[in-house]
Amino acid sequence: MTRRAVVKGIGHYLPERIVPNAEFEKTLDTSDEWIKTRSGIERRHFAAPGQTTSEMATAAANAALEMAQMEAEDLDAIIVATSTADMTFPSAATMVQSAIGNTTGFAFDVQAVCAGFIYALSNANALITSGQANRVMVIGAETFSRIMDWTDRSTCVLFGDGAGALIVEAEEGKGTTDDRGILSVDLNSDGRYKDLLYVDGGVATQNTGVVRMEGPELFRHAVEKLAQTADTALEKVGLTADDVDWVVPHQANIRIIQSTAKKLGVGMDRVVVTVQDHGNTSAASIPLALSVGVKNGQIKPGDLVVTEAIGGGLAWGSVVLRW
């Protein structure tokens, strides 16, 4: 028998304010058509003034608990993937822990930018397969609207805010790829490419900073590395793209999603796409897309799902799981 981390519940939260592309036409040399053509994005959600990452994460957490039919005290651990935590410290995860009423578990943040949810999910899997935890909540939550340069049309039109949460629980499987739960993980990073996507500020500079990006070069790395990591994760368990029911990619850009799917040999009819409605929500994008895919009836129990992401660092990775 093999101990697996099996998904038991998922949920998401999006801020009330919806910002269509047309809103940027008032202040930037851009248009709805320009943004849609280059990114696939039509609208995104922005957090309300004073609304924090931990508050959105808490809303998603409660939705996931409801679906899983669990109480907060059932959780052994809470991991929040975010680059936009409320404070330098304490962690957003401990704030969520307090807000949902968990007093018996432990909580911590993971920061790998857009790859953050993959890194956090791999941590949850390690905690469960090692026997250190039985139930772990993994959350991706971001308020990227707080770190935008509103004069830079190449970045500020791409990002949005939101949160998604997923709960995994230990179950015994047979040790085959028919098992439900996480089957394999592949993680990578290469700090030589840190200047392709970064925030030009931080604690040491006492300046929050804003997002800076080298779009064309990042695009090239994204397609190559996302396809590579997905292939590697599948190969680890003797599977191929033909076995995959759904690819749930990081929702950064529709052209990256399409190019990666083509490189993987997966038709777009097997790809969950939400970028048009959410924009790039960084660490929140995969759990948001998973939650929407479940809600829309696309992802069903027993489906083989591959999810992959790349973000600043560069950091990238993938997870293969049977829903």
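**Exercise 1. The surroundings of N280**

Task: In this predicted model, determine which residues N280 is in contact with, leaving aside its neighbours within four places in sequence, and decide whether N280 is buried or exposed.

Solution.
1. Locate the residue: N280 is found in the loop that runs between α7 (275-278) and α8 (285-295).
2. List the contacts, with neighbours within four places in sequence left aside: N280 is in contact with I41, C114, L158, F159, G160, H250, Q251 and A252.
3. Classify the accessibility. The relative accessible area of N280 is 6%, and buried means under 20%; N280 is therefore buried.
4. Relate one contact to a pocket: L158, one of the residues in contact with N280, is also among the lining residues that lie nearest the centre of the second largest pocket.

**Exercise 2. The second largest pocket**

Task: State how much space lies in the second largest pocket, and identify what gives the most to its lining.

Solution.
1. The second largest pocket holds about 540 Å³ of space.
2. Its lining consists of 30 residues, and L158, M213, G215, N253 and I256 lie nearest the centre.
3. At least two lining residues are supplied by each of α1 (32-39), α5 (215-236), α6 (254-264) and β12 (304-311).
4. The most comes from α5, which gives six residues.
5. By residue class, the lining divides into 18 nonpolar, eight polar and four charged residues.

**Exercise 3. The largest pocket and the largest cavity**

Task: Describe the lining of the largest pocket by residue class, then do so for the largest cavity.

Solution.
1. The largest pocket has a volume of about 870 Å³.
2. Of the 31 residues that line this pocket, S83, T84, A85, Q111 and T208 lie nearest its centre.
3. Strand β9 (residues 197-199) provides the largest share of the lining, three residues.
4. The lining of the largest pocket comprises twelve nonpolar, 16 polar and three charged residues.
5. Turning to enclosed space, the structure holds one cavity of 30 Å³ or more, and about 30 Å³ of space lies in the largest cavity.
6. The residues lining the largest cavity are A230, L234, A241, V244, V247, L264, V266 and V306.
7. This cavity lining divides into eight nonpolar residues, with no polar and no charged ones.

**Exercise 4. The geometry and burial of α4**

Task: Work out what span the 14 residues of helix α4 (residues 116-129) should have, and compare it with the separation of the end C-alpha atoms.

Solution.
1. The expected span is 1.5 Å times one less than the number of residues.
2. For the 14 residues of α4, the span should therefore be 20 Å.
3. The end C-alpha atoms of α4 are 20 Å apart, which agrees with the expectation.
4. Consider coverage next: eleven of the 14 residues of α4 are buried, and the helix is mostly covered.
5. The buried residues are G116, F117, I118, Y119, A120, L121, S122, A124, N125, L127 and I128.
6. Just after α4, G131 adopts a positive phi of about 85°.

**Exercise 5. The environment of E25**

Task: Establish what the side chain of E25 reaches, and whether E25 is buried, exposed or partly exposed.

Solution.
1. E25 is found in the loop between β2 (17-20) and α1.
2. Not counting residues up to four places away in sequence, E25 touches T30, S31 and D32.
3. In the case of D32, the side chain of E25 reaches the backbone nitrogen at 2.9 Å.
4. The relative accessible area of E25 is 39%. Partly exposed covers the range between under 20% and over 50%, so E25 is partly exposed.

Notes:
Residues are numbered from 1 along each chain as its sequence is written. This is a predicted model: local features need pLDDT of at least 70, side-chain atom pairs count only at pLDDT 80 or more; totals for chains, interfaces and linings use all residues. Side-chain values use heavy atoms; hydrogens and water are left out. On a 1 Å grid over the protein atoms alone, a cavity is a set of points where a 1.4 Å probe fits but cannot get out, and a pocket is an open set with protein on both sides within 12 Å along at least five of seven lines; lining residues have an atom within 4 Å of a point. Grid points are joined across faces, edges and corners, and a volume is the space filled by probe spheres set on the points. Ala, Val, Leu, Ile, Met, Phe, Trp, Tyr, Cys and Pro count as nonpolar, Asp, Glu, Lys and Arg as charged, and the others, Gly among them, as polar. Helices (H or I, at least four residues) and strands (E, at least two) are DSSP runs, numbered from the N terminus. Buried means under 20% relative accessible area, exposed over 50%, partly exposed in between (1.4 Å probe, protein chains only). Contact means heavy atoms within 4.5 Å. A polar contact is a pair of N or O atoms within 3.5 Å; within protein, one must be able to donate a hydrogen and the other to accept it, and residues adjacent in sequence count only if both atoms are side-chain atoms.
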